Amino acid sequence: MHDFQYANGALHCESVPLEKIAQEVGTPFYCYSQNTLVRHFKVYEEAFKDVNHLICYAVKANSNLAIINELVKAGAGCDIVSGGELFRALKAGCDPKKIVYAGVGKTEEEIEYALKSGILMFNAESSQELFAIDAVAARLGLKAGVALRVNPDVDPKTHPYISTGLKKNKFGISIDGALEEYRLAAQMKNIQLIGVHQHIGSQITQVSPFVDAVERLLAFVEKLKGININIKYIDIGGGLGITYKDESPPLPAELAKEIVPQLKKSGCTIVMEPGRNIVGNAGVLVSRVLYTKKNEGKTFFVVDAGMNDLVRPAMYQAHQGIQPVDHAVADRPKLEADVVGPICESGDFLAKDRILPEFKKGELLAVMSAGAYGFSMASNYNSRRRVAEVLVKGSAYHVVRARETWEDLIRGEKTIG
Ligand code: LLP
């Protein structure tokens, strides 16, 4: 459920008509619902209430300060993957003791920043990274909390670009070799082994891959006990999918029902890293139809948002729903059309071969389910300014990121004279 609904024939975010925001802020813009966002987070809190847990919102899904801040105020920690995300999480008020840091390529500069900030743990992905963390921590006279990211080799049954827990993926340390890595890390003076981590993929729509992965992880935790390594945190990653079209992914409570009893027996605190599931359906991208055209009988709605603003359709052939902002448009005859942007690439589409009502020049449409991996993957390609982001709370809206200016586009650049 989300808070983008029609009232009096107009698509609203909570109590604010999107048309009003479009008039005042201009288009395109991302619009997020504070109510949906926080409700989705609370659903996780509720689902896992029977076990000690920490929900670390995956900042990569949507890293706007206001979004992170709303979740932090509701009690969330953060899962980060770069120094930049750490900077954002701290600026948004996240308690460093609730921050976990994953990623295969952490630089020494980033490791130092995280250590000095006092984060909860690094989710380390290779033995060379362990050496790097240990060395930086020794230099700073600090101890680093570390979990190793274990790759459990389960198939999350999702798009190949976003499955991460298979042997052939670059992520983590193979579960077969991981015990050795823990032995190695246990020797390191400035590393404190406090956890184990996994993340098997994204947009997962079944419970079974999670159940398989958790079983393997728990068996591994037992092996660790066997060599006298007693960890405190089991981080099961993120990845629960959302409904873009007709998927029916399990609810967090359904997932919890299957895995909490086993996890509870471990006595550990369970860390989770949901991103998409919290913010995906809490956001839409609103765009205006610039032109409509027909080529060889094919209809195109050319809109003012492009693949640089929302790359998911181009990159993963992802389906994003399209809805008219004025409901009356939905009553018009339907036709098959592409919704395309102004970018010089044939891959620049937001919807392809889609049955849609006949939009007219100047009308607004909402690209649904765009809150996750929308703005956070946006670029300035074709020297397009990144769009405004708006957060709605009740009957008020706030521009939480201003639309970029032409000057923003060339910040830091110079000619050589
Ligand atoms: N934890 C780790 C270590 C991750 O790598 C990810 C996502 C998450 C948590 C959050 O996963 P989520 O709950 O959002 O599924 N750009 C792609 C998705 C890439 C996901 C990368 N890792 C897309 O637009 O579908």
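This report describes the ligand shell and the largest nonpolar core of a predicted model.

Local features rest on pLDDT of at least 70 and side-chain atom pairs on pLDDT 80 or more, whereas totals for chains, interfaces and linings use all residues. Residues are numbered from 1 along each chain as its sequence is written, and side-chain values use heavy atoms, with hydrogens and water left out.

**Ligand shell**

The ligand is surrounded by 19 residues (a heavy atom within 4 Å), the closest being Ser202, Glu273, Arg312, Tyr316 and Tyr373. By class, the shell holds 7 nonpolar, 6 polar and 6 charged residues, where Asp, Glu, Lys and Arg count as charged, Ala, Val, Leu, Ile, Met, Phe, Trp, Tyr, Cys and Pro as nonpolar, and the others, Gly among them, as polar. Because domain 1 (4–32 + 280–409) and domain 2 (34–278) both contribute to this shell, the ligand lies between them; the bounds come from an automatic or database domain assignment.

The table lists polar contacts to the ligand (pairs of N or O atoms within 3.5 Å).

| Residue | Protein atom | Ligand atom | Distance |
|---|---|---|---|
| Gly275 | backbone N or O | oxygen | 2.9 Å |
| Arg276 | polar backbone atom | oxygen | 2.8 Å |
| Tyr316 | side-chain N or O | nitrogen | 2.8 Å |

Of the 590 Å² of accessible area that the ligand has on its own, the protein covers 92% (Shrake-Rupley method, 1.4 Å probe).

**Nonpolar core**

The largest nonpolar core (buried Ala, Val, Leu, Ile, Met, Phe, Trp, Tyr and Cys residues joined through side-chain atoms within 4.5 Å; buried means under 20% relative accessible area, with a 1.4 Å probe and protein chains only) has 103 residues, of which Phe48, Phe122, Val146 and Ile234 touch the most other members. Helix H8 (residues 208–226) supplies the largest share of this core, 9 residues; helices are DSSP runs (H or I) of at least four residues, numbered from the N terminus. Domain 1 and domain 2 both give residues to this core, so it lies between them.

Terms used:
A polar contact is a pair of N or O atoms within 3.5 Å; within protein, one must be able to donate a hydrogen and the other to accept it, and residues adjacent in sequence count only if both atoms are side-chain atoms. Buried means under 20% relative accessible area, exposed over 50%, partly exposed in between (1.4 Å probe, protein chains only). Helices (H or I, at least four residues) and strands (E, at least two) are DSSP runs, numbered from the N terminus.
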